[in-house]
Amino acid sequence: MTTVSPWDLDREQLADLLDGAPKYRVDQIWKGLYEQGVHPSELTVLPKTLREELAEKLTPALELATEQRSNDGATVKQLWNLSGGASIETVLMHYSKRSTVCVSSQAGCAMGCGFCATGQAGYERHLTVGEILEQVVSARDAAHPRRLSNVVFMGMGEPFANYDRVVQAVRRLMTDFEIGARKITVSTVGLVPQMLRFAEDEMQVGLAVSLHAANDELRTELVPINKQHPIDDVVAAAQLFRDRTGRRVSYEWAMIDGVNDRPSDAAELAVVANRSYAHVNLIPLNPTPGWPTTGTPKERIREFASDLEDRGVNVTVRANRGTDIDAACGQLRANHEVEVKLGTGRRN
Ligand code: SAH
Ligand code: SF4
């Protein structure tokens, strides 16, 4: 039996569920959900019978299994159990001027990128809108007294493989949570048809594309879906997104020692980035159990970045967050055991 989370419903659906209740009641429950982050069954302003009725009809989608904090306290990782036995992770990150939640869009991921712990563990299922939004509700609560300012779809899963629910969740973040489009970023492995749809939707939401290689041979090795959606198509979709929204795309590039960090890689990346007026984010590769190759040393990441700058590319080196609790990019696997593959994972 599928259950309904109170955060699955938009306002109209909530009013329908309350079937003829006066408007002030709908307002009370709506405020409880979106201003206080409270399930209607815990709203003491409601009569007891109504609370009991709503407790039966509406079930929270996430059950907290564990919560871990990094040594510096700036990163919090929550592991959730979902109905049907799946589990996911959510990461809250505090920076000096903002607090960002990194949400999951699927339990697992079917894209199979070898260097990513989520990809190594495989695919379970799509998340519902309520499951996505409850991660934000809980992060807002955990961030208190700081204000949760940003939401990034960079947790477990490929957001564009779950396109309709993710876009619905994004719209609800803007309307019901009052988080500005510019504070929301969706990261995709490069599913071209959905990138084109997203561009046509003209939301002012940030789009990050996980590129990692700028020639098709290497990219197909690192990101297998490149076989279906090669680099030229991905770049053309990124250009369309920029034309439609006026926002430039970011290319994500996990720096893998001896694999995609050579001067020739910088040269290829610069051509592609300049062609699509994109920003480049360099992410030091985080260790995962199923991928033996290590990340590029810091010093060489800096050299790679300055090489790109010399070639006219706008580039940022991303700080590593939460590696001590396996909460950094690509490390989320919700406690799944991962088969450790033999081989180097490296191109000779
Ligand atoms: N599926 C989406 C979003 C989730 S992954 C995507 O791939 O874009 C979020 C980011 O972490 C992506 O840019 C991904 O390429 C990157 N990533 C995956 N594994 C990583 C690792 N081991 N080290 C650093 N970044 C990694
Ligand atoms: Fe999936 Fe993104 Fe990991 Fe690739 S990097 S396996 S698309 S979550």
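Biologist: How do the residues of the shell around ligand 2 divide into nonpolar, polar and charged?

Modeller: In this predicted model, the shell has five nonpolar, three polar and no charged residues. Ala, Val, Leu, Ile, Met, Phe, Trp, Tyr, Cys and Pro count as nonpolar, Asp, Glu, Lys and Arg as charged, and the others, Gly among them, as polar.

Biologist: What makes a residue one of those around ligand 2?

Modeller: One of its heavy atoms must lie within 4 Å of the ligand. The residues around ligand 2 are Cys109, Met111, Gly112, Cys113, Cys116, Gly119, Gly157 and Val189.

Biologist: Why is the space taken by ligand 2 called a cavity?

Modeller: On a 1 Å grid over the protein atoms alone, a cavity is a set of points where a 1.4 Å probe fits but cannot get out, whereas a pocket is an open set with protein on both sides within 12 Å along at least five of seven lines. The space taken by ligand 2 is the largest cavity.

Biologist: Which residues are closest to the centre of the largest pocket?

Modeller: The largest pocket has a volume of about 850 Å³, the space filled by probe spheres set on grid points joined across faces, edges and corners. Of its 33 lining residues (an atom within 4 Å of a point), Val152, Met154, Thr185, Asn281 and Arg318 are closest to its centre. The lining comprises 15 nonpolar, ten polar and eight charged residues.

Modeller: Residues are numbered from 1 along each chain as written. Local features need pLDDT of at least 70, and side-chain atom pairs count only at pLDDT 80 or more.

Key:
Chains are lettered from A and ligands numbered from 1 in the order in which they are written. Side-chain values use heavy atoms; hydrogens and water are left out. A molecule sits in a cavity or pocket if more than half of its atoms lie within 2 Å of its grid points.
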